[in-house]
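Here's a quick walk through the model, one piece of architecture at a time. Keep the structure open while you read.

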Amino acid sequence: MFAKRIIPCLDVKDGRVVKGVSFVNLRDAGDPVENAKFYDEQGADELIFLDITASHEKRKIILDVVMKTAEEVFMPLTVGGGIRTLNDIRDLLKSGCDKVSINTAAVKDPYFIARAAEKFGTQCIVVAIDAKRTYGSLPDATGEKWFDDKELKEVCLKIPERIPYNPPLHSPLARVDTDGLKMGREDLSEIERGVWAISTHGGRRIKLIDAIKWAKKIEQLGAGEIMLTSMDKDGTKDGYDIELTKAVSEAVRIPVIASGGAGKLEHLYEALKYGKADAVLAASIFHYREYTIREAKEYLKSRGISVRL
Amino acid sequence: MIVIVDYGMGNLRSVEKGFLKVGADVKVTSNPKVINDADAIVLPGVGAFRDCMRNLKDKYLIEPVIRSIQKGKPYLGICLGHQILFTESEEFGLTKGLDIFKGKVVKFPENNLKVPHMGWNTVKIIKRPPILSDIKDEKFFYFVHSYYVLPDDNGLIATITDYGITFVSMVWKNNIFATQFHPEKSQELGLKILKGFKKFIEKA
């Protein structure tokens, strides 16, 4: 019986675990190895370290963190953040991590994915997609132009018939029936529903590439898995972006990890059931011990989701 | 001493750490001589079948590995180390394997399931190998692969797993044990298998 995976994510800065809300207001919350052991004992299915260390000199610290963690826990470990070169990947794999998650380097040069997959195998190349909802068709279809958040807002507002940039989302789960998810948005045009652009540099930059097309492209290039974060939902604790998760999950044959927005156990269920994700990533709900991994799994099992208990 | 064959691929470190955790005397090497002198061989590995065979060949490791197996030394193959025991793989056209066992390595069929088969799945024991003596039936282990083995001889089948189709997740014959799943990534139960292998060597 194949199980859906529950994956806690630890943000690591200069060798310490932190977790912020929408990538700001970081709070220090402990030692990575101790956290990893804690999740290992709770029965987490995998673990992700997201390295948010800013300074280049301190980037080697993560290798030490990985090495110490790999001595203590025997579960799949992914490291993401700041990976630029094949050497970065090699060093991490050698330190004892199993997969690396790449975002900015892949967007800058998609063939980096292909080179990495060829050298280390597709199974260890996770491509992170940080998706941000934009309204209107993407103005720069070639995807060559970069926008920061402010410019994007201007671009969107310049198109007069478009609804304003980033309006409050309709609750995507407003209408759920037993057949599955009804978004309550089917009657909206594509322009009104919006599309997802991809963002890099931890959400600070937007590239107007359709996230769904990007997902298909990275699959072709050899990504083994997609870690899909909704930048609109990240840190909100009001649920994953189910529409986004479903759209990406159905567009590719590789596994999709849903991320961004988990605040209650029901949200995990929604992402797995309606978003068709293969795994769910969560940070703060586990990190601040609001729920244990075991509680999450027992809840999911009670609602008919296959999990490893 | 258990020797982990280093052929320049895969996450050898976690296999080494796993064996250290269960108190085994273990060494990672790419030296054919050390492999010849080993009590037991472990061939881990993730990645592509073709690269695995090519690297083993380039490092002159094919012969010492085959010889060790034929001499009756305990062998533990993990993932690729499991697949390369067979005659050939469909990956990148056809690539020849070690041909210790007759059979093929084939890709998961195109259906609605995600490939790679990545994550935790249950293992049903068909014929219990000694290294699984402490493992209950239908327990979860961690898998990452897109191909699986089709042995000609059904007598090799130790465990099976369902993923859209039923595939062989472990083979066993005499001194040869090979798992498609990763014991070194399967938490406590995985370590029990490594411990089982250690015990088997001590008895051998």
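What follows is a short tour of chain A as a whole, two of its packed parts, and one strand of chain B.

## The model and chain A overall

First things first: this is a predicted model. Chain A has 309 residues, and 49% of them count as buried. Its secondary structure comes to 12 helices and 15 strands.

The contacts in chain A reach a fair way along the sequence. Taking those with a separation of 6 or more, 67% are between residues 24 or more positions apart.

## Strand β15 of chain A and its neighbours

Have a look at β15(A), residues 279-282. A279(A) and L281(A) point one way from the strand, V280(A) and A282(A) point the other way, and all are buried. That fits the general pattern: in a regular strand, side chains alternate between the two faces of the sheet.

Which strands does β15(A) pair with? One is β1(A), residues 5-13, which runs parallel to it over 4 bridges; here I6(A) sits opposite V280(A). Another is β14(A), residues 256-259, also parallel, with 2 bridges, and in this pairing I257(A) has A279(A) as its bridge partner. β14(A) and β15(A) also belong to a right-handed β-α-β unit, together with helix α10(A), residues 265-273.

## Helices α8 and α9 of chain A

Now for some helix packing. Two packed helices are described by the angle between their axes and the distance between the axes. For α8(A), residues 211-221, and α9(A), residues 242-251, the axes come within 9 Å and cross at roughly 30°. The crossing is right-handed.

Who touches whom? From α8(A), the residues are A211(A), I212(A), A215(A) and K216(A), and they meet A247(A), V248(A) and A251(A) of α9(A). By type, that contact splits into 6 nonpolar residues, no polar ones and 1 charged. The charged one is K216(A), given that Lys counts as charged.

## Strand β1 of chain B

Over in chain B, β1(B) covers residues 2-5. I2(B) and I4(B) point to one side of the strand and V3(B) and V5(B) to the other, and all of them are buried.

β1(B) has parallel partners too. It shares 4 bridges with β2(B), residues 26-29, where V3(B) stands opposite K27(B). With β3(B), residues 40-43, there are 3 bridges, again parallel, and I2(B) is found opposite A40(B).

How values were computed
Residues are numbered from 1 along each chain as its sequence is written. Chains are lettered from A and ligands numbered from 1 in the order in which they are written. This is a predicted model: local features need pLDDT of at least 70, side-chain atom pairs count only at pLDDT 80 or more; totals for chains, interfaces and linings use all residues. A residue is buried if 20 or more other C-beta atoms lie within 10 Å of its own, exposed if 12 or fewer, and partly exposed in between; C-beta atoms are placed from the backbone. Two residues are in contact if their C-beta atoms, placed from the backbone, lie within 7 Å. Two strands pair if DSSP finds at least two bridges between them. Axes are lines fitted to C-alpha atoms, for helices over the stretch in contact, and angles run from 0 to 180 degrees between N-to-C directions. A crossing is left-handed if the near helix is turned anticlockwise from the far one by less than a right angle, and right-handed if clockwise. A crossover is right-handed if, with the strands pointing away from the viewer, the path from the first strand over the helix to the second runs clockwise.
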